[in-house]
Amino acid sequence: QVQLVESGGGLVQAGGSLRLSCAASGRTFSIYHMAWFRQAPGKEREFVARITLGGANTYYADSMKGRFTISRDNAKNTVYLQMNSLNAEDTAVYYCAASNRPSHISREYLYWGQGTQVTVSS
């Protein structure tokens, strides 16, 4: 069992930046692939970014490439999402998730945080 707690969300103006954190507790963090998803009101949950076990490889949804950066610190049991050049379309609840396999599909993720709200004002 892994418990995930996100933080760092908030209200930011368009063009601004936020850094989300996801702290893990429970089983060994380093054995899980980690990802960020988001869900906007009235929309389905969508993949944002993922990172492999040791952090060597990262993958992004096309609309996030060049603006978002996922990273992890296994010593701190934490995964991060640095978000730059934010726009109104980035407004959503952001979730971190843990999986035994590398995937961009939400149903393959075993553990989820409660989410953190990101609101971008235009």
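Q: What makes β1, β3, β8 and β7 a sheet, and in which order do the strands stand?
A: In this predicted model, the four strands form an open sheet in the order β1-β3-β8-β7, with antiparallel pairing. Two strands count as paired when at least two bridges link them. β7 and β8 (residues 78-83) have six bridges and run antiparallel. Six bridges against a cut-off of at least two: β7 and β8 therefore pair.

Q: Why are β1 and β7 placed at the edges of the sheet?
A: β1 (2-7) and β7 (68-73) each have a single partner strand, so one side of each lacks a neighbour in the sheet. Neighbouring strands here are turned by 15 degrees against each other on average, with direction ignored.

Q: Which residue of β8 is the bridge partner of Thr 69?
A: Gln 82 is the bridge partner of Thr 69.

Q: What makes Asn 77 stand out in its backbone?
A: Its phi is positive, about 55 degrees, although Asn 77 is not a glycine. Most residues other than glycine have a negative phi. Asn 77 sits in the loop between β7 and β8.

Q: Why is Asn 77 called partly exposed?
A: Its relative accessible area is 28%. Buried requires under 20%, and exposed requires over 50%. Asn 77 meets neither cut-off, so it is partly exposed.

Q: Where is Ser 85, and what is its phi?
A: Ser 85 lies in the loop between β8 and β9. Its phi is near 50 degrees, a positive value in a residue other than glycine. At 43% relative accessibility, Ser 85 falls between the two cut-offs and therefore counts as partly exposed.

Q: How do you know that Cys 22 and Cys 96 form a disulfide?
A: Their sulfur atoms are 1.9 Å apart. The rule asks for a pair within 2.5 Å. The pair meets the rule, so Cys 22 is joined to Cys 96. The count by this rule is one disulfide.

Q: What gives this disulfide its handedness?
A: The torsion about the S-S bond of Cys 22 and Cys 96 is about 50 degrees, so the disulfide is right-handed.

Q: Which parts of the chain does the disulfide tie together?
A: Cys 22 is in strand β3 (residues 18-26) and Cys 96 is in strand β9, so the bond links parts that are 74 residues apart in sequence. Cys 22 has 0% relative accessibility and counts as buried. Cys 96 also has 0% and counts as buried.

Q: How do you know that β4 pairs with β9 and with β5?
A: β4 (33-39) and β9 (residues 92-99) share seven bridges in the antiparallel sense. β4 and β5 share five, also antiparallel. Both counts meet the minimum of two bridges, so both pairs qualify. Phe 37 has Tyr 95 as its bridge partner in β9. Trp 36 stands opposite Ala 49 in β5.

Q: What lies between β4 and β5 in their hairpin?
A: Six residues lie between the two strands. Gly 42 in the turn has a positive phi of about 75 degrees.

Q: Is His 33 buried or exposed, and how do you know?
A: Its relative accessible area is 10%. That is under the 20% cut-off, so His 33 is buried. His 33 belongs to strand β4, where six of the seven residues are buried. Its contacts beyond four places in sequence include Ile 51, Arg 72, Ala 97 and Tyr 109.

Q: Why is Arg 45 not called buried?
A: Its relative accessibility is 31%, so Arg 45 is over the 20% limit and counts as partly exposed. Arg 45 is in the loop between β4 and β5 (46-51). Among its contacts beyond four places in sequence are Phe 37, Tyr 95 and Trp 112. The C-alpha atoms of Arg 45 and Ser 106 are separated by 7.8 Å, with their positions 61 residues apart along the chain.

Q: What makes a set of residues the nonpolar core, and which have the most contacts inside it?
A: Its members are buried nonpolar residues joined through side-chain atoms within 4.5 Å. The largest such core has 36 residues, and Trp 36, Leu 81 and Tyr 94 have the most contacts inside it. Its largest share, five residues, comes from β9. Nonpolar side chains tend to be buried together in soluble globular proteins.

Q: Which residues does Tyr 94 touch?
A: Among them are Leu 20, Trp 36, Val 48, Phe 68, Leu 81 and Val 118, leaving out residues up to four places away in sequence.

How values were computed: Residues numbered from 1 in each chain as written. Predicted model: local features only at pLDDT ≥ 70, side-chain atom pairs only at ≥ 80, totals over all residues. Heavy atoms only, no water. Buried < 20%, exposed > 50% of the residue type's maximum accessible area, 1.4 Å probe, protein only. Contact = heavy atoms within 4.5 Å. Axes fitted to C-alpha atoms, helices over the stretch in contact; angles between N-to-C directions.
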